[in-house]
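Q: Can you walk me through the empty spaces in this one, and then the surface?

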Amino acid sequence: LNKRGKNLKKQVLCLLIVVLVAAGSAFAIWQERQTAEAGQLAYIYSDEKLVRTVDLSGDVGLRLRVDSPDGGYNIVEVHDGAIGVTEADCADGVCMHTGFIRSSKLPVVCMPHKLVIRVGNPSENGVDTVAK
Amino acid sequence: MVLLALFTSISLTIFMVEALLPPPAPIVGVKLGLANVVTLFMLVAGGGRSALEVLFARLVLAAIFVGQVMSFVFSLCGGLLAFAAMLAASRLAARLPVWFVSVCGGIFHNIGQMIAAVIFLGPAVLAYLPYLVIAGCIAGAVTGILTDMVMKKMDQAGALAVLRPVLEGRP
């Protein structure tokens with residue numbers, strides 16, 4: 001019986017640790033959502049290189065094709081101040097499922113094609129805006 | 001060797017079948033990782049070295065079958081870090097529950113993938129880290145509970161008693 005009680009204690013302690021870690025992560029997500037604001041510019045990176053800077057309010061209806069180093073492609077579109085991938089030949093299609101983004105919250109990522117699209121504002125960092 | 005080949009083919013089959021299913025959440029890097037059941041089973045049954053060999057063989061074979069360099073790098077980083085975390089958690093003096101060892105593996109698998117993602121995709125992907133930690137907890141708990149069920153069934157059938165000395169024979 002003592003052994004069983006000790007085992008139960010261990011189970012509860014382990015559960016507590018996992019719940020704490022998950023709650024900490026949930027808090028981080030919540031906080032990020034609170035501080036995220038709509039951005040003006042979208043930066044499109046392919047293979048870690050900035051290939052294009054898009055003005056989300058100016059380039060309305062923009063549709064462009066980004067070719068990846070492995071020979072694949074992603075079609076990126078701009079709609080109503082948001083940017084997203086609408087077509088791709090990657091294996092998982094996660095980039096399309098992410099949908100359109102309008103804030104700095106989460107970037108659109110296509111892992112197989114090494115594509116990252118993130119939204120930001122011109123003021124936040126000088127290096128990227130120069131590259132336009 | 002026959003036993004290792006058998007375990008490798010089991011985990012490769014699970015891995016390939018899971019890759020055919022749609023991703024459980026529309027977030028990069030999120031998956032259940034059911035093939036981890038085999039790694040965890042071998043690790044808990046006593047074969048640390050065998051578990052690592054089967055894991056590595058599975059990752060290489062999966063890369064050949066899937067044929068994507070990027071996903072191989074990602075699964076290698078995730079798989080090895082997860083293995084290290086599970087090995088550490090399972091070899092602690094206090095015998096931790098299998099599901100907890102699996103959760104440690106799940107979290108560190110995703111942290112390993114995150115490290116690869118920062119190297120190959122840039123630091124912008126770090127925004128996904130809290131999502132991946134939570135996903136690792138859930139996926140790890142699921143595969144851990146499944147492993148526990150497999151171990152109980154094997155134990156009842158008497159298979160665990162046969163397997164354990166063979167696996168432990170290779171420290």
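The chat below covers cavities and then a surface patch in this predicted model.

Q: How many cavities of 30 Å³ or more turn up in the whole structure?
A: The search finds two.

Q: How much space is in the largest cavity?
A: About 310 Å³. The lining has 28 residues, and the closest to the centre are B:K31, B:L32, B:G33, B:N36 and B:H109.

Q: Which elements give two or more residues to that lining, the one of the largest cavity?
A: Six helices of chain B do: helix 1 (2-20), helix 2 (36-44), helix 3 (48-66), helix 4 (69-90), helix 5 (98-121) and helix 6 (129-157).

Q: And what is the lining of the largest cavity like by class?
A: It divides into 14 polar, 11 nonpolar and three charged residues.

Q: OK, what about the second largest cavity, how much space there?
A: About 120 Å³. Both chains appear in the lining, with A:V109 and A:M111 from chain A and, among others, B:V28, B:F74 and B:Y128 from chain B.

Q: Which helix gives the largest share of the lining there?
A: Helix 5 of chain B, with four residues.

Q: How many charged residues in the lining of the second largest cavity?
A: There are no charged residues in that lining, which has 10 nonpolar and two polar ones.

Q: Switching to the surface: which residues make the nonpolar patch?
A: B:L32, B:I138, B:V142, B:I145, B:L146 and B:M149 make a patch of about 500 Å².

Q: Where is B:I138, and why does B:I138 count as exposed?
A: B:I138 is in helix 6 of chain B. B:I138 counts as exposed because its relative accessibility is 53%, and exposed means over 50%.

Terms used. Residues numbered from 1 in each chain as written. Chains lettered and ligands numbered in written order. Predicted model: local features only at pLDDT ≥ 70, side-chain atom pairs only at ≥ 80, totals over all residues. Heavy atoms only, no water. 1 Å grid on protein atoms, 1.4 Å probe; cavity = no way out; pocket = protein on both sides within 12 Å on 5 of 7 lines; lining within 4 Å. Points joined across faces, edges and corners; volume = space filled by probe spheres on them. Nonpolar A, V, L, I, M, F, W, Y, C, P; charged D, E, K, R; others polar. Patch = residues over 30% accessible without salt bridge, like charges linked within 9 Å, V, L, I, M, F, W, Y side chains within 5 Å. Areas by Shrake-Rupley, 256 points an atom, 1.4 Å probe, with all protein chains shown as cover. Salt bridge = Lys/Arg side-chain N within 4 Å of Asp/Glu carboxyl O. Buried < 20%, exposed > 50% of the residue type's maximum accessible area, 1.4 Å probe, protein only.
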